[in-house]
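Colleague: Got a minute to go through this model with me? I'd like to poke at a few spots.
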Amino acid sequence: VQLQAYGGGLVQGGDSLRLSCVASGRTFLMYHMGWFRQAPGKEREFVAAISWNDGSTYYADSVKGRFTISRDNAKNTLYLQMNSPKSEDTAVYYCAAGLTIYNIKTRPDYWGHGTQVTVSS
């Protein structure tokens, strides 16, 4: 599966931003999907994930209550709604696909290209 993320940019702290990730291939439905991010000088970290079968969602504590992950299987698209972003959310955001929940939260099987999100205070 090939992944392409869109929607990054400059956003004021407290505003909203939605990232999208379009997946190619007919097997999108069979993958758990997720978002990771990497800030300058830091390691890539897990942000959120959503299962392919029952829609269960998982979030890093740092974004819980502010970010919402969702997917539209008919459009092969994954979303990340970022509400009330903070300056510490500034990072390159990557979408990812995994064959298991464990994989999508730790070591995804597929990575997309990143999209830069910059939050100004």
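Colleague: Is Cys21 buried or exposed?

Modeller: Buried: this is a predicted model, and in it Cys21 has 0% relative accessibility, which is under the 20% cut-off.

Colleague: What does Cys21 form a disulfide with?

Modeller: With Cys95; their sulfur atoms are 2.1 Å apart. The count for the model comes to 1 disulfide.

Colleague: And which hand does that disulfide have?

Modeller: It's right-handed, because the torsion about the S-S bond of Cys21 and Cys95 is about 55°. Cys21 sits in strand β3 (residues 16-24) and Cys95 in strand β9 (residues 91-98), so the bond ties together parts that are 74 residues apart in sequence.

Colleague: How accessible is Cys95?

Modeller: Cys95 comes out at 0% relative accessibility, so it counts as buried.

Colleague: OK, β3 then. What does it pair with in β8 terms, parallel or antiparallel?

Modeller: Antiparallel: β3 and strand β8 (residues 77-83) pair over 7 bridges. As an example of the register, Ser20 stands opposite Tyr79 in β8.

Colleague: What's the strand order in the open sheet?

Modeller: The open sheet has 4 strands in the order β1-β3-β8-β7, with antiparallel pairing. Its edge strands are β1 (2-6) and β7 (67-72), and each of those pairs on one side only. From one strand to the next, the twist averages 15°.

Colleague: Switching topic. How much of β5 is buried?

Modeller: Strand β5 (residues 45-50) is mostly covered, with 5 of its 6 residues buried.

Colleague: Which way does β4 run against β5, parallel or antiparallel?

Modeller: Antiparallel. Strand β4 (residues 32-38) is joined to β5 by 5 bridges, and Trp35 has Ala48 in β5 as its bridge partner. β4 and β5 form a hairpin with 6 residues between them, and Gly41 in the turn has a positive phi of about 75°.

Colleague: What about β5 and β6, how many bridges there?

Modeller: 3 bridges join β5 to strand β6 (residues 57-59), and the two run antiparallel. Here Ala49 stands opposite Tyr58 in β6. β5 and β6 form a hairpin as well, with 6 residues between them. The residue with a positive phi in that turn is Gly55, at about 75°.

Colleague: Tell me about Gly55. Why does it count as partly exposed?

Modeller: Its relative accessibility is 35%, so Gly55 falls between the 20% limit for buried and the 50% limit for exposed. Gly55 lies in the loop between β5 and β6. Measuring C-alpha to C-alpha in the model, Gly55 and Val1 are 19 Å apart in space and 54 residues apart in sequence.

Colleague: Which residues other than glycine have a positive phi?

Modeller: Asn76 and Ser84 are among them. Phi of Asn76 is near 55°, and Ser84 has a phi of about 50°. For background, most residues other than glycine have a negative phi.

Colleague: Where are Asn76 and Ser84?

Modeller: Asn76 is in the loop between β7 and β8, while Ser84 is in the loop between β8 and β9. At 40% relative accessibility, Ser84 counts as partly exposed.

Colleague: Now pockets. What's the volume of the largest pocket?

Modeller: About 150 Å³.

Colleague: And what lines the largest pocket?

Modeller: Arg37, Gln38, Ala39, Pro40, Lys42, Glu43, Glu45, Glu88, Thr90 and Ala91. The lining divides into 3 nonpolar, 2 polar and 5 charged residues.

Colleague: Last one: which residues of β11 are on the covered face?

Modeller: In strand β11 (residues 115-120), the covered face has Thr115, Val117 and Val119, and the uncovered one has Gln116, Thr118 and Ser120. In a regular strand the side chains alternate between the two faces of the sheet.

Colleague: Which strands does β11 pair with?

Modeller: Strand β2 (residues 9-12) is one of them, pairing with β11 in the parallel sense over 4 bridges. There, the bridge partner of Leu10 is Thr118. β9 is another, antiparallel to β11 over 3 bridges, with Val92 opposite Gln116.

Technical notes: Residues are numbered from 1 along each chain as its sequence is written. This is a predicted model: local features need pLDDT of at least 70, side-chain atom pairs count only at pLDDT 80 or more; totals for chains, interfaces and linings use all residues. Side-chain values use heavy atoms; hydrogens and water are left out. Buried means under 20% relative accessible area, exposed over 50%, partly exposed in between (1.4 Å probe, protein chains only). Two strands pair if DSSP finds at least two bridges between them. A disulfide is a pair of cysteine sulfur atoms within 2.5 Å. On a 1 Å grid over the protein atoms alone, a cavity is a set of points where a 1.4 Å probe fits but cannot get out, and a pocket is an open set with protein on both sides within 12 Å along at least five of seven lines; lining residues have an atom within 4 Å of a point. Grid points are joined across faces, edges and corners, and a volume is the space filled by probe spheres set on the points. Ala, Val, Leu, Ile, Met, Phe, Trp, Tyr, Cys and Pro count as nonpolar, Asp, Glu, Lys and Arg as charged, and the others, Gly among them, as polar. Axes are lines fitted to C-alpha atoms, for helices over the stretch in contact, and angles run from 0 to 180 degrees between N-to-C directions.
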